[in-house]
Amino acid sequence: PARWPWLQSLDLTYTHNRFFQEEIEASGAIGLEFGVLTTNAEARARLVPVGPLQNVTGGVWTERRDYKTSGLSFTPDTRETAAAAFVYGEWPAGPWAYNASLRWDGRRLKPEEERFSEQVGLIRERTFQGLSGGLAVERQLGAWHLGATAMRSFRAPQVEETFSRGPHLAAYSFEVGNAEIESEQGLGLELTARWHSRAGRVAFAVFRNAFDGYIYPRNTGEISLQRGDLFLYRFVGEDALMWGAEGTWELHLSSALATDGSVSFVRGRIDDGEDLPAMPPLHGKAGLRWQARPNLEGRIASCFATEQGRPGPFENPTDGYVVLDLSASWHRTGFGLLHTLSVSVDNVLDTTYRRHLNRVRQIMPEPGRNLRILHKAFF
């Protein structure tokens with residue numbers, strides 16, 4: 001605008017969400033009931049280039065969450081407020097490209113009343129603040145882009161991780177917060193390689209992240225006194241190290257045939273040498289897409305995982321699996337509308353398998369064969 005020649009664009013966003021959930025016991029009684037009112041507001045400004053700097057963007061963000069529970073939950077009603085300020089910029093220099101970002105975050109948890117809980121600790125107002133950011137460099141070599149990123153992360157705990165005490169039936173657990181928990185901070189390094197041409201694209205990355213106070217729910221191996229059928233999970237913050245790799249691809253094998261997919265692997269350990277819980281094994285997905293006609297497409301895909309033989313404390317190992325999916329879609333116009341018809345069969349072979357990240361995997365495997373027929377009309 002003529003009034004602000006330094007401003008290229010300004011985006012203002014406001015959202016308000018109301019979430020309500022009931023977890024019902026087999027007897028029909030309400031095991032847990034909670035509601036969350038969340039309000040977000042954000043202002044994001046993109047500036048005109050400043051010297052060699054491009055895509056300079058800055059902004060502020062705020063959030064307010066009103067958290068209330070009932071049923072068998074003993075989590076106190078809490079008001080959570082958060083704010084952030086951030087800036088980002090890029091500096092292209094021939095075959096080299098640099099970018100940097102910086103963000104400040106603050107969060108306050110304010111329960112309706114201060115009280116002491118033998119399991120949770122002293123429930124009172126908590127405040128957290130910290131900085132996160134990153135520096136990245138990338139070098140173009142023909143169709144390849146090679147890059148490195150160094151980053152610092154910050155995450156403040158939320159109400160569920162700080163003051164919660166109650167059953168979480170969907171996760172088959174009784175979760176207890178930690179009123180003394182501190183914020184999570186990390187230092188990370190990532191190396192990337194990307195290839196892009198008319199034939200498709202391939203991307204690969206390796207990473208290493210060291211955390212000070214990594215926040216996660218830890219299985220204590222004990223049965224909850226309040227719920228004798230649920231294991232007790234307690235939120236903790238422990239120093240941890242994670243490393244791994246991931247890759248994605250999309251390649252055009254011919255004018256009608258293409259393949260795409262992804263694969264990733266991560267390992268995590270606590271400083272005392274224990275394996276971190278809830279770490280997925282090597283897993284991924286791969287697909288083959290056939291464009292039979294301009295308006296008719298077929299696809300065969302699979303998702304897979306190796307066995308997880310390094311479970312965390314009180315975790316069981318899981319077996320590897322391969323699951324096959326088939327789908328086809330057709331579209332055409334008619335009656336002034338665009339119609340799409342899709343047919344898909346998930347888990348064609350009706351394979352029984354269990355994902356390691358599913359806490360209820362011991363009592364309930366993943367879904368079996370499933371047929372879906374979907375018609376959509378766009379106008």
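I looked up Asp-239 in this predicted model and found Asp-239 in strand E14, residues 231–252 (strands, E, are DSSP runs of at least two residues, numbered from the N terminus). Residues are numbered from 1 along each chain as its sequence is written. Local features need pLDDT of at least 70, side-chain atom pairs count only at pLDDT 80 or more, totals for chains, interfaces and linings use all residues, and side-chain values use heavy atoms, with hydrogens and water left out.

I noted a relative accessible area of 33% for Asp-239, so Asp-239 is partly exposed (between 20% and 50%; 1.4 Å probe, protein chains only). I then listed the surface patch of negative charge: Asp-212, Asp-239, Asp-271 and Asp-272. Patch members have over 30% relative accessible area and no salt bridge, like charges being joined within 9 Å and nonpolar side chains within 5 Å. A salt bridge is a side-chain nitrogen of Lys or Arg within 4 Å of a carboxyl oxygen of Asp or Glu.

Next I looked up Trp-91, in strand E4, residues 78–93. Its relative accessible area is 42%, so I entered Trp-91 as partly exposed. Trp-91 shares a nonpolar surface patch with Val-50, Leu-53, Trp-96 and Tyr-98, with about 460 Å² of accessible area together (Shrake-Rupley method, 1.4 Å probe).

Last entry: Leu-374, in strand E20, residues 370–378. I have Leu-374 as partly exposed because its relative accessibility is 43%. Outside its neighbours within four places in sequence, I found Leu-374 in contact with Thr-340, Leu-341 and Ser-342 (heavy atoms within 4.5 Å). I also checked Ala-170, which is 204 residues from Leu-374 in sequence and 28 Å away, C-alpha to C-alpha.

Notes: Lys and Arg count as positive and Asp and Glu as negative; His and the chain ends are not counted. The place of a charge is taken as NZ of Lys, CZ of Arg, CG of Asp or CD of Glu. Helices (H or I, at least four residues) and strands (E, at least two) are DSSP runs, numbered from the N terminus.
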